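Student: I have a structure open that is new to me, and I would like to understand how its features earn their names. Could we go through it together?

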Amino acid sequence: MPPTIAVLPGDGIGPEVTRAAVRVLRAVRPDLDCVETRVGAAALRAGEPALPDAARALCDRSDAVLFGSVGLPEYEAKPMAERPEYALFLLRRDYELYANVRPVRVFAGLESASSLLPELVRGLDLVVIRELTGGIYYGRPKEQRTGPDGVEEAVDTMFYRAPEIERIARVAFELARKRRKHVTSVDKQNILETSRLWRRVVERVALEYPGVTLAHMLVDNAAMQLVRRPRDFDVILTENMFGDILSDEAAILTGSVGNLPSASLGTRAHFGLYEPIGGTAPDIAGKGIANPTAAILSAAMLLRHSLDDDANASRIEAAVERVFASGARTAELARGGEPALDTLAFLQRVLAQL
Ligand code: NAD
């Protein structure tokens, strides 16, 4: 049986970039059974929940999920369960996708698109490992309410148990072992109890990896060091909310969130959800100008992690590198009058390189 890939393009630019990525996947692996279905606002508009049963059933029988993005401004005021983003929340929770892997690389030739000086980002290559199913995004109680004195109040709860920290730390150390062998664990241990536990558990796990060095950094300092000396980082290990924020900061060092792929891996062996780190980009949706790089590189990560196909993953990554090295730019990356390619033209360059 050929491997099945659940393709969930979602909303906004999601379908534009995801379909580009599927064309790249099909070019290198024509044997894959890529099956598309709607989630997010696309499903809500059809009178279905954000994650329809059909989408869940498709994910259940698939080897991996290629995801676009979900969420549109008109749903912002709705309660969580009626928002497009609920689809992603459920997928992460129900498949226990606890490890979010976000490689951040500056491609040769793209240094000038960065928000930092080219000499600070040239050759930048780091990975953020973000815990994805715990912390303040999932802890209970989590509610808005009226206090006993009639005043409006709200509570979110940051909660971690040692095994959750242990397993995400292992992902970081395993990866560091194959890279430059350095983990920076980011926390806020001067204030947060969860961070004190985090630090203790990470230190325990580090003992199992004598070849990997470990440094701890407070999250406020990490935010600063990321824009000061980003190349000093190899693997950044952090909890859910800190990782959410730091990985977007790291992303913009590359010039665009549209460049950054991610993998969300969990407890089901080889299964994973692969998606651009950016959102639905309502400001450019429908114009056909979105950068498909993040989606294409997410497909490469899918091949590597879920299908054990390192060769084709590397082929796709090398093709994208050559396209950028040749001077090709999508609109948000073009600087000083550089000509910009639309999504389709960029895709065609990648396909030509393959
Ligand atoms: P966003 O990432 O959608 O957009 C931020 C900026 O980056 C915009 O200017 C956008 O045009 C640009 N951008 C993003 N991806 C791009 C690409 N591929 N090519 C070119 N430019 C790109 O973030 P936002 O505006 O904060 O969020 C918009 C919606 O997306 C919200 O509803 C949010 O909830 C949702 N969202 C979804 C996900 C997800 O599905 N994983 C992630 C983040 C945000």
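Tutor: We will take the ligand, one strand and some salt bridges in turn, keeping in mind that this is a predicted model.

Student: How do you know that Glu85 makes a polar contact with the ligand?

Tutor: A polar side-chain atom of Glu85 lies 2.5 Å from an oxygen atom of the ligand, and a polar contact is a pair of N or O atoms within 3.5 Å, so the name applies to this pair. By the same reasoning the name also fits Glu275, which has an N or O atom of its side chain 3.1 Å from a nitrogen atom of the ligand, and Ala281, where a polar backbone atom is 2.7 Å from an oxygen atom of the ligand. Taken alone, the ligand exposes 810 Å², and the protein buries 68% of that.

Student: Which residues are closest to the ligand, and how many surround it?

Tutor: The ligand is surrounded by 20 residues, of which Val70, Glu85, Gly279, Ala281 and Asp283 are the closest. By class, this shell holds 9 nonpolar, 7 polar and 4 charged residues.

Student: What makes strand 12 mostly covered?

Tutor: Strand 12, residues 272-276, has 5 of its 5 residues buried, and buried means under 20% relative accessible area. Gly272, Tyr274 and Pro276 point one way from the strand, while Leu273 and Glu275 point the other way, and all are buried.

Student: Why are strand 3 and strand 12 called paired?

Tutor: Pairing needs at least two bridges, and 2 bridges join strand 3 to strand 12, so the pair qualifies; these strands run parallel, and Leu66 stands opposite Tyr274. Strand 11 is joined to strand 12 by 5 bridges and runs antiparallel to it, with Ser264 and Leu273 as bridge partners.

Student: Why is the contact between Glu96 and Arg167 called a salt bridge?

Tutor: The closest N and O atoms of Glu96 and Arg167 are 2.8 Å apart, and the rule asks for a side-chain nitrogen of Lys or Arg within 4 Å of a carboxyl oxygen of Asp or Glu, so this pair counts. Glu96 lies in the loop between helix 4 and strand 4 and Arg167 in helix 6, so the pair ties together parts that are 71 residues apart in sequence.

Student: How do you know whether Glu96 is buried, partly exposed or exposed?

Tutor: Its relative accessibility is 34%, and because partly exposed lies between the 20% limit for buried and the 50% limit for exposed, Glu96 counts as partly exposed.

Methods. Residues numbered from 1 in each chain as written. Predicted model: local features only at pLDDT ≥ 70, side-chain atom pairs only at ≥ 80, totals over all residues. Heavy atoms only, no water. Near = heavy atom within 4 Å. Polar contact = N/O pair within 3.5 Å; in protein donor to acceptor, adjacent residues only side chain to side chain. Areas by Shrake-Rupley, 256 points an atom, 1.4 Å probe, with all protein chains shown as cover. Nonpolar A, V, L, I, M, F, W, Y, C, P; charged D, E, K, R; others polar. Buried < 20%, exposed > 50% of the residue type's maximum accessible area, 1.4 Å probe, protein only. Helix = DSSP H or I, 4+ residues; strand = E, 2+ residues; numbered from the N terminus.
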